[in-house]
Amino acid sequence: MIKQYIYDQVVAILDAAGLKHEGEFYIEVPNNPEFGDFSTNAAMILAKENKKSPKAIAEILIKELKKHKGFKKVDIAGPGFINFVLSPQYYQDSLWEIQEAGESYGDSDFGQEEKVLLEFVSANPTGPLNIVSARAAAFGDTLYRVMKKVGFDATREFYINDAGNQVDILAESVELRLREIQGEKMEEFPYEAYHGEYVKHLAQRLNSQEGVRFFMMPEKERMEHLKEFALNEIHQMQQNSLEKFGVVFDSWVSEKTLRMEGVVEEVLSYLAEADCTYEKEDAIWFCSTKFGDDKDRVLMKSDGSITYFVPDLAYHLTKLQRGFTKLIDVFGPDHHGYVPRLKAAFQALNYDDEMLEVIFLQQVNLFESGERIKMSKRAGKIVTMDDLLSVVSKDAARYFFIARKANAHLNFDLDLALKKNNENPVYYCQYAHARICSILKKAKKDKVLPKTWKKELVTKLVKPEELALIKKLTEFPELLISIAQQREPYRLTMFAEELAGMFHRFYAKFQVVSDKHKELSQARLLLMDNIRAVLALCFELMGISAPEKM
RNA sequence: GCGCCAGUAGCUCAGUCGGAUAGAGCAUCAGCCUUCUAAGCUGAGGGUCAGGGGUUCGAAUCCCUUCUGGCGUGCCA
């Protein structure tokens with residue numbers, strides 16, 4: 001907000017002086033605090049188009065800017081940067097605004113209530129959720145929370161692929177395990193089947209419920225029954241894991257249900273009407289190459305069954321029909337070849353393919369004793385989300401999973417997690433929160449803490465460290481907007497670490513609670529309480545706890 | 001072969017539209033608890049920003065190219 005203010009001032013001066021400003025310049029927070037609170041490269045950017053030296057332009061700007069009361073200092077530096085130092089009063093007033101905003105600090109109408117559908121996790125219902133799903137859950141949920149806060153009308157959705165080959169294989173796997181329990185001699189367990197222990201557990205449960213009776217059903221009925229049983233159990237299992245992780249979905253959409261509603265036929269006819277399908281080798285194809293895909297894609301296989309693509313496309317169309325104008329899919333890295341055909345279909349059906357946005361989360365590599373663990377779902381060698389949560393706290397896991405850019409691989413060191421020591425930065429941030437709580441407690445005990453804050457207190461805060469802390473707090477609303485816009489939750493953890501670090505350093509240098517300087521103490525307590533509140537907001541958005549003591 | 005993602009300190013990673021002396025955590029070394037929580041703080045060492053070209057006042061950042069790693073390239077889902 002302050003950046004915009006400075007920008008507007010600069011533009012006004014340029015206009016008044018008859019200078020052109022077509023080139024895009026910006027106001028930024030310099031990385032070196034010696035260069036002031038804000039700086040602009042305007043003079044350098046605009047030098048060429050105005051045929052003046054950067055220095056000459058800077059001088060014109062500085063002369064006018066110095067007349068503003070809000071700026072304590074404006075000067076030229078380096079190759080032509082203009083650096084601004086704001087007056088303490090600006091920060092003092094800001095702190096009071098933060099205090100008054102309370103929990104609503106950072107709220108904005110940036111998203112203008114746009115209806116956004118966030119689809120994430122959407123794991124196959126054929127086994128427990130793995131750690132890649134855990135990453136997706138943490139990422140998607142935090143992005144959701146931030147988007148809500150800055151005014152998007154966001155919804156979290158989980159798409160269940162409960163139709164198709166993998167479900168048949170699941171049912172067959174359970175049946176084989178059931179036969180084992182019944183004492184049938186088995187050859188080796190088939191390679192294609194699901195090998196995980198959970199399949200045995202499912203079979204055991206089914207056995208205790210139904211026993212031999214189960215095999216008296218006709219084959220077809222039995223398989224249907226088996227599918228339904230396994231899918232329900234696994235769905236329940238996945239939902240429980242997610243809840244333990246603090247991730248709740250607003251809706252779950254079943255592929256099977258969609259298929260029963262006839263959407264597959266609808267999509268096929270839409271594409272045919274749009275003249276985008278053809279027959280070749282007894283299969284029906286979608287000419288996606290016309291819309292930028294590498295090759296055409298099969299819609300209906302030669303055996304008459306449908307490919308995964310069709311119901312998935314139908315599913316995406318239902319999102320649009322439900323009124324969402326932005327569809328964000330969070331996918332694993334193995335799906336990137338899939339997106340062009342989805343986008344192609346959007347174009348073919350005259351939808352703006354920009355409405356579909358796909359975020360790829362790169363894989364999670366698990367390390368144990370310095371060795372990378374190879375995981376394979378089919379062979380049953382997976383580390384599940386529940387396994388992970390049995391050794392690492394929810395807070396640490398969620399923090400760890402979002403603390404990285406989406407398109408970077410995530411290395412998760414199990415030994416480190418198992419040690420439960422304090423190397424994880426999440427403790428550093430939470431510790432700052434706990435320490436502040438402790439200060440506030442002490443202040444209350446010493447009767448220094450006021451019952452209500454008085455606005456005059458803020459004028460006591462004049463030390464550079466105090467003003468720097470307030471400045472950091474003022475960056476929070478813009479940060480949230482930027483996170484929502486760029487879909488980059490990891491920046492939330494960086495902000496929390498920076499703020500926590502500034503606090504820890506302040507704590508080491510200054511005593512907050514002192515009965516000698518009561519007013520200064522109270523002013524600092526006000527500052528501390530707001531740092532605490534903003535940290536708590538960060539934690540809330542990350543889905544982790546804000547401990548009062550550690 | 002083609003496509004996507006990545007390559008920055010010993011390790012894990014930041015570095016926002018090209019900007020000022022490339023940063024943090026961990027690890028290593030040296031210090032700091034009679035004061036609000038030492039899960040903290042202070043200091044030191046550590047860099048060919050994968051290599052090479054180009055664009056310009058200025059490049060880790062943009063363009064070209066080579067190399068390395070991961071993934072994709074099914075009538076699988």
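# A tour from one glutamate to the RNA and the sheet

Start by selecting glutamate 175: its relative accessibility is 9%, so this residue counts as buried, the cut-off being under 20%. Keep in mind throughout that you are looking at a predicted model. Glutamate 175 sits in helix H6. Now show the side chain of arginine 179 as well. The side chains of glutamate 175 and arginine 179 make a polar contact, at 2.8 Å.

**Step back to the whole chain**

Zoom out and colour chain A by secondary structure. You should find 20 helices and 15 strands. The C-alpha trace of chain A spans about 90 × 60 × 40 Å along its principal axes. Chain A has 550 residues, and 50% of them count as buried.

**Select the RNA**

Next, pick RNA strand B and show the residues around it. How many residues surround RNA strand B? There are 64, and the closest are Lys295, Tyr431, Ser438, Tyr490 and Met494. Of the RNA atoms that come within 4 Å of the protein, 59% belong to sugar and phosphate.

Three contacts are worth a close look:

- Lysine 295: one of its polar side-chain atoms lies 2.4 Å from a phosphate oxygen of RNA strand B.
- Serine 39: an N or O atom in its side chain is 3.0 Å from a base nitrogen of the RNA.
- Serine 302: here a polar backbone atom is 2.8 Å from a base oxygen of RNA strand B.

Now see which elements build this surface. Those giving two or more residues to the surface near RNA strand B are helix H2 (42-50), strand E4 (81-86), helix H6 (165-181), strand E9 (283-286), helix H16 (425-445) and helix H19 (490-509). Helix H6 is the helix where you met glutamate 175. Which element gives the largest share? That is H16, with eight residues. Try colouring the surface near RNA strand B by residue type: 26 of its residues are nonpolar, 22 are polar and 16 are charged.

**Select the parallel sheet**

Leave the RNA and select strands E7, E6, E5, E11 and E12. In that order they form an open sheet of five strands with parallel pairing. E7 (251-254) and E12 are the edge strands: each has a single partner, so one side of each is left without a neighbour in the sheet. Turn the view and look along the strands; neighbours in this sheet are turned by 25° against each other on average, direction ignored.

**Zoom in on strand E11**

Select residues 326-331, which make up strand E11. Are these residues buried or exposed? Six of the six are buried. Both faces are covered, with Lys326, Ile328 and Val330 on one side and Leu327, Asp329 and Phe331 on the other.

Now add the strands paired with E11. Strand E5 (residues 115-119) runs parallel to E11 and is joined to it by four bridges. Look for valine 116, which stands opposite lysine 326. E11 also pairs with strand E12 (residues 356-360), again in the parallel sense, over five bridges. Here isoleucine 328 faces glutamate 357 across the pairing, while valine 330 has isoleucine 359 as its bridge partner.

**Last stop: the link from E11 to E12**

Finally, add helix H12 (residues 339-348) to the selection. Together, E11, H12 and E12 make a right-handed β-α-β unit. Trace the backbone from E11 through H12 to E12 to see this unit for yourself.

Conventions
Residues are numbered from 1 along each chain as its sequence is written. Chains are lettered from A and ligands numbered from 1 in the order in which they are written. This is a predicted model: local features need pLDDT of at least 70, side-chain atom pairs count only at pLDDT 80 or more; totals for chains, interfaces and linings use all residues. Side-chain values use heavy atoms; hydrogens and water are left out. A residue is near a molecule or strand if one of its heavy atoms lies within 4 Å of it. A polar contact is a pair of N or O atoms within 3.5 Å; within protein, one must be able to donate a hydrogen and the other to accept it, and residues adjacent in sequence count only if both atoms are side-chain atoms. Ala, Val, Leu, Ile, Met, Phe, Trp, Tyr, Cys and Pro count as nonpolar, Asp, Glu, Lys and Arg as charged, and the others, Gly among them, as polar. Buried means under 20% relative accessible area, exposed over 50%, partly exposed in between (1.4 Å probe, protein chains only). Two strands pair if DSSP finds at least two bridges between them. A crossover is right-handed if, with the strands pointing away from the viewer, the path from the first strand over the helix to the second runs clockwise. Axes are lines fitted to C-alpha atoms, for helices over the stretch in contact, and angles run from 0 to 180 degrees between N-to-C directions.
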